[in-house]
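Please open the model in a viewer and keep the selection panel at hand. The tour proceeds from one selection to the next and states what is found at each stop.

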Amino acid sequence: MAEARWSSRLGFLLAAVGAAVGLGNIWRFSAVVGGNGGGAYLVPYLLAAVVCAVPLLVLELAVGRSLRTDVVSAFRSVGVGYTAFGWLVVGGVLLVLSYYLVLTGWVFGFLLTWLTGSPTTFAAFTAGWLPVGYFVLTTVLTGAVVSLGVRGGIERMSRVVMPTVFVVLVALALYATTLPGWGRAAGFLFTPRFSVLVDPGIWSAAFGQVFFSLSVGQGIMLTYGSYVAEGTDLRRSALLVTVADIGAAVVAGLVIFPIVFSFGLQPTLGTELAFTTLPTAFATMPLGRVVAVGFFGLLFFAALSSAVSLLEVGVAAATNTTRLDRPRATLALTAGVFALGLPSALSYSPLRLAVAGRPVLDLVDESVGTFALPISALLVLFVFVWRADLDAVREELGSLYPLVRYLVPAVLALVTTAKTLGVARPAWRLLVDHARDGPVDLLLTVVVLLVFSAVGWWFRDRVPAPRRRRRGR
C-alpha cells in the first residue's frame with residue numbers, strides 16, 4: 001500500500017472531489033435547504049465549510065501523507081491502544097457503505113427504466129425483487145473498480161466520471177432556466193431570511209451537511225492523503241475540493257428547485273423527492289425523458305464515486321494489516337459489505353424486512369448513518385491533534401491548527417448532543433424525510449461500533465506501525 005500514489009495532482013483532486021460529491025450533494029442538500037429557510041441556510045452552510053470542514057479536511061490529508069498508511073495503522077502509530085479506534089472508523093464506514101449501495105442500486109434501476117422508456121413508480125419498483133438485484137450489481141461494480149488499484153481503478157474512474165457529472169449538472173441547470181419556476185427557485189435559494197438564523201436547527205443542519213457532504217472524519221481523506229505526492233499543497237487542494245463540492249450542491253439546487261416550483265412539489269423531501277415526486281414531473285415536462293436520464297445518470301455516477309471511496313478505506317486497511325493482496329482483500333470486503341447490506345436491501349422488497357416496524361435500511365441510517373460520522377471525526381481529532389505529535393501535520397495546518405484543536409471538536413460535540421436530544425434537524429442522515437433520531441439510535445450506534453473496537457483491540461498486536469517521517473522530508 002505504501003507504494004500506491006496518484007499519478008498527478010489532477011488525478012488526486014478528481015478522486016477527492018468524487019469522494020465528496022455524492023447523493024448528499026444532490027437530493028440531500030436540496031432537501032435540507034428546502035426545510036431550513038432556503039437562502040438563509042447558505043449563510044451558516046458556507047461558514048461551516050470555511051471554519052470547520054476545510055481545516056478537518058486538511059488535517060486528514062496531512063495525517064495520511066505524513067504517515068503514508070491506512071486508517072488503522074495510522075491510529076496504531078500514535079499508540080497501540082488506539083488501534084481499536086481505527087477499526088471503529090473502518091467498521092462505521094463499511095456499515096454506511098452497506099446501505100449506501102442499496103440507494104445506489106435504486107438510482108441505477110431508475111436510470112435504466114428511463115433509458116428504456118418504461119418509467120415506474122417507487123412503490124411498483126420496490127414491489128419486486130429487481131432492487132435487490134441492482135444492489136448486487138452496484139456492489140460488484142464498486143468492488144471491481146477498487147480491485148483495479150489507486151491509479152488503474154479509482155483514479156481512472158474519477159477522470160471519466162467527475163467531468164461527466166459536472167457537465168450533466170450544468171446542462172440540466174441550463175435547461176432549468178427555461179422552466180417557469182426558475183425565478184422563484186433562484187430567489188428561494190439565494191435570498192437569505194436573516195431572521196431565521198436564530199434557529200439552532202438551521203446551524204445544526206448546515207454544519208452536519210458540510211461534514212457529511214465533504215466526507216471528512218471518516219478516514220476517506222486520510223486514506224486518499226496517503227497517496228498524495230510530497231509537493232502537493234494540501235490547503236489549496238482542500239479548498240478546491242470544498243469549492244467543487246459546494247458548487248455541485250448549489251448547481252443541483254438550481255436543477256431541482258425550478259422543477260419543484262414549476263410543478264408544485266414539496267422541496268423538503270429527500271428520497272421521496274428523487275424517486276416519487278420528481279419522476280412525476282419528468283413525465284409531464286418537455287424533454288422529460290432526457291432530463292430524467294441526465295438526472296439519474298449524474299446521481300448514479302456521483303453515488304458510485306462515493307461508494308468507491310468508502311470501500312477503499314476498508315481495502316487499504318485490510319491490505320496493510322493482513323496478508324491479503326488488493327484483489328483478495330477487495331473480494332473479501334465486498335462480500336462482507338454485501339452481507340451487511342442485504343437486510344437493508346430486503347427491507348424495500350416484497351419481504352419488507354423490518355425491526356420494530358422500521359425498515360432495516362431506515363434503522364441503519366437513523367443510527368450508524370447518523371452518529372458514526374461525528375464519533376469517527378471526534379476520534380480523529382482526539383488522537384491526531386490532542387495525542388499525537390506530528391510536526392509535518394502541524395506545519396501543514398499552520399494557522400488552521402487552533403480550529404481543529406478547539407473549534408471543530410466543540411462544534412461536533414454540540415451538534416451531536418443537540419441531535420441526540422432531538423433539538424436539531426437532520427444533520428448527518430442521508431434519508432432526510434421522515435427523520436427521527438434520538439438516544440436509542442445513538443445507543444445502538446455505540447454498541448455496534450464497540451463491537452468493531454473490541455475486534456480491533458483483540459488484533460491490535462497484528463497491525464504493523466508505520467514509520468514516521470522525519471521533519472522536513
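Begin by selecting Val96, Phe212, Ser215, Gln218 and Leu310: among the 27 residues that line the largest cavity of this predicted model, these five lie nearest its centre. The volume of this cavity is about 280 Å³. A search of the whole structure for cavities of 30 Å³ or more returns one. Rolling a probe the size of a water molecule over the atoms shows where empty space is left.

Which helices should be coloured to show the lining of the largest cavity? Select helix 1 (9–20), helix 2 (23–34), helix 5 (83–115), helix 10 (200–213), helix 14 (288–321) and helix 17 (368–387), each of which supplies at least two residues of that lining. Helix 5 contributes the most, with six residues. Colouring the lining by class gives 16 nonpolar and eleven polar residues, and no charged ones.

**The chain as a whole**

Now zoom out and display the chain as a cartoon. The secondary structure consists of 20 helices and two strands. Of the 473 residues, 62% count as buried. When contacts between residues at least 6 apart in sequence are considered, 83% of them join residues at least 24 apart. With a surface representation switched on, the accessible area comes to about 17300 Å², and 68% of that area belongs to carbon and sulfur atoms.

**Helix 1**

Return to helix 1, one of the helices that supply the cavity lining. Its end C-alpha atoms are 16 Å apart, which agrees with the 16 Å that its twelve residues should span at 1.5 Å a residue. Ten of the twelve residues are buried, so helix 1 is largely enclosed by the rest of the structure. To display the buried set, select Gly11, Phe12, Leu13, Leu14, Ala15, Ala16, Val17, Gly18, Ala19 and Ala20.

**Helix 5 and Leu88**

Next select Leu88, which lies in helix 5. Is Leu88 buried or exposed? With a relative accessible area of 7%, which is under 20%, Leu88 is buried. Add Ile375 to the selection: the C-alpha atoms of Leu88 and Ile375 are 9.4 Å apart in space, although 287 residues separate the two in sequence.

**Helix 7**

Move to residues 130–147, which form helix 7. The 18 residues of this helix should span 26 Å at 1.5 Å a residue, and the distance between its end C-alpha atoms, 26 Å, agrees. Show the side chains of its buried residues, namely Pro131, Val132, Tyr134, Phe135, Thr138, Thr139, Thr142, Gly143, Val145 and Val146. Against which helices do the buried residues of helix 7 pack? They pack against helix 5, helix 6 (122–125), helix 8 (150–176), helix 14 and helix 15. After helix 7 comes Gly149, with a positive phi near 100 degrees.

**Two arginines with positive phi**

Most residues other than glycine have a negative phi. Two arginines may be inspected with this in mind.

- Select Arg68 in the loop between helix 3 (39–67) and helix 4 (71–78). Its phi is positive, near 55 degrees, and at 13% relative accessibility Arg68 counts as buried.
- Select Arg352 in the loop between helix 15 (326–347) and strand 1 (354–355). Its phi is also positive, at about 50 degrees, whereas Arg352 is partly exposed, with a relative accessible area of 41%.

**Leu174 on helix 8**

Helix 8 holds the next stop, Leu174. At 56% relative accessibility, a value over 50%, Leu174 counts as exposed. Measure from its C-alpha to that of Leu254: the two residues are 80 apart in sequence and 8.9 Å apart in space.

**Phe282 on helix 13**

Finish at Phe282, in helix 13 (residues 271–282). Phe282 is buried, with a relative accessible area of 2%. Which residues does Phe282 contact, leaving aside its neighbours within four places in sequence? Select Trp114, Ile259, Gly288, Arg289, Val291, Ala292, Phe295 and Phe296 to show these contacts. Trp114 is 168 residues from Phe282 along the chain, and their C-alpha atoms are separated by 9.8 Å.

Methods: Residues numbered from 1 in each chain as written. Predicted model: local features only at pLDDT ≥ 70, side-chain atom pairs only at ≥ 80, totals over all residues. Heavy atoms only, no water. Helix = DSSP H or I, 4+ residues; strand = E, 2+ residues; numbered from the N terminus. Buried < 20%, exposed > 50% of the residue type's maximum accessible area, 1.4 Å probe, protein only. Contact = heavy atoms within 4.5 Å. Areas by Shrake-Rupley, 256 points an atom, 1.4 Å probe, with all protein chains shown as cover. 1 Å grid on protein atoms, 1.4 Å probe; cavity = no way out; pocket = protein on both sides within 12 Å on 5 of 7 lines; lining within 4 Å. Points joined across faces, edges and corners; volume = space filled by probe spheres on them. Nonpolar A, V, L, I, M, F, W, Y, C, P; charged D, E, K, R; others polar. Expected span 1.5 Å × (residues − 1).
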